[in-house]
Amino acid sequence: MTRIKALIGLANPGTQYEATRHNAGAWLVEEVARQSSAELRPEKKFLGLYAKAFVEGSDLHLLVPTTYMNRSGASVAALANFFKLAPDEMLIAHDELDLPPGSARYKQGGGHGGHNGLRDIISALGNDKSFHRARIGIGHPGSAKLVTNYVLGRPGKTEREAIDGALIECLATLPLALSGDWAKAMNRLHSHSA
């Protein structure tokens, strides 16, 4: 079983975006950093906020790219190259339109599903799609034309509480995921609903 060595949360940089749906992946990484008393700090060579945390008896690289979402690949590739990480040793947390707020799913491999951050990461990793994903549900606005404004918008109070509930469940299942026990991690996470 491959152990996860890096947790990367996708986001757009800047205070105007930090509370928006597109930053749900970063919210997970920020919470892991907080709970493990690791401080995410700007790290130029990784084009993002970086910390090394000690989680479940092992070191875990934490990264929030500070490139824009559609340029996340440069940051992820820089971390992977520096620490010699294989794609399947990384867990990428990101917002997911196809899941309702309050739900989250683990997944390994697959396409980008129209997510520009994932599209850029796949490209930057030489089209290797074998990295793991933590898909954090944000719901869909109902029309493709509304997606950009929707993901760059802030969730309402009830919606944010549902997303936070899914993040709590991700945190609870993270030790299983990090150790490579994906069956148990998925079983628990996928049965959670807001």
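Q: In this predicted model, which residues are linked by ring pairs into a cluster?
A: Start with the whole picture: the structure holds seven aromatic pairs. Some of these ring pairs join up into a cluster. The residues in that cluster are Phe46, Tyr50, Phe82 and Phe83.

Q: Is the pair of Phe46 and Phe82 stacked or edge-to-face?
A: Look at the two rings: their centres are 5.4 Å apart, and their planes sit at 75°. Planes over 60 degrees apart count as edge-to-face. So the pair of Phe46 and Phe82 is edge-to-face.

Q: How many residues apart in the chain are Phe46 and Phe82?
A: Phe46 is in the loop between β2 (41-43) and β3 (48-55). Phe82 belongs to helix α2, which covers residues 72-83. The pair links distant parts of the chain, and the gap is 36 residues.

Q: Is Phe46 buried or exposed?
A: Phe46 has a relative accessible area of 1%. Anything under 20% counts as buried. Its partner Phe82, at 47%, counts as partly exposed, whereas Phe46 is buried.

Q: Are the rings of Tyr50 and Phe83 stacked or edge-to-face?
A: The centres of these two rings are 6.0 Å apart, with the planes at 20°. Planes under 30 degrees apart count as stacked. That's why the pair of Tyr50 and Phe83 is stacked.

Q: Which strand and which helix does the pair of Tyr50 and Phe83 tie together?
A: Tyr50 is buried at 15% relative accessible area, while Phe83 is partly exposed at 26%. In sequence, the parts they tie together are 33 residues apart. The two elements are strand β3 and helix α2.

Q: Is α2 oblique or roughly parallel to α3?
A: Helix α3 covers residues 116-124, and its axis comes within 7 Å of the α2 axis. The two axes cross at roughly 45°, and the crossing is right-handed. Angles under 35 degrees would count as roughly parallel, so this angle makes α2 oblique to α3.

Q: Which residues in α3 meet α2?
A: On the α2 side, the contact uses Ser72, Gly73, Ala74, Val76 and Ala77. Sorted by class, the residues of the contact are five nonpolar, three polar and one charged. The α3 residues are Gly117, Asp120, Ile121 and Ala124.

Q: Are α5 and α6 roughly parallel or roughly antiparallel?
A: Helix α5 takes in residues 157-178 and helix α6 residues 182-190, with axes 8 Å apart. They pack at an angle of about 165°, and their crossing is right-handed. Angles over 145 degrees count as roughly antiparallel. Therefore α5 and α6 are roughly antiparallel.

Q: Which residues in α6 meet α5?
A: From α5, the residues taking part are Ala166, Glu169, Cys170, Ala172, Thr173, Leu176 and Ala177. By class, the residues of the contact split into eight nonpolar, one polar and three charged. The α6 residues are Trp182, Lys184, Ala185, Arg188 and Leu189.

Q: What is the phi of Lys84, a residue that is not a glycine?
A: Find Lys84 in the loop between α2 and β5 (90-96). Lys84 is exposed, with 69% relative accessible area. Its phi is positive, at about 55°.

Q: In which loop does Asn127 lie?
A: Asn127 isn't a glycine, yet its phi is positive, near 65°. Asn127 is also exposed, with a relative accessible area of 58%. You'll find Asn127 in the loop between α3 and β7 (132-137).

Notes: Residues numbered from 1 in each chain as written. Predicted model: local features only at pLDDT ≥ 70, side-chain atom pairs only at ≥ 80, totals over all residues. Heavy atoms only, no water. Axes fitted to C-alpha atoms, helices over the stretch in contact; angles between N-to-C directions. Helix = DSSP H or I, 4+ residues; strand = E, 2+ residues; numbered from the N terminus. Parallel < 35°, antiparallel > 145°, perpendicular 65-115°, else oblique. Left-handed = near helix turned anticlockwise from the far one by under 90°. Contact = heavy atoms within 4.5 Å. Nonpolar A, V, L, I, M, F, W, Y, C, P; charged D, E, K, R; others polar. Phe/Tyr/Trp six-rings, centres within 6.5 Å; stacked < 30°, edge-to-face > 60°. Buried < 20%, exposed > 50% of the residue type's maximum accessible area, 1.4 Å probe, protein only.
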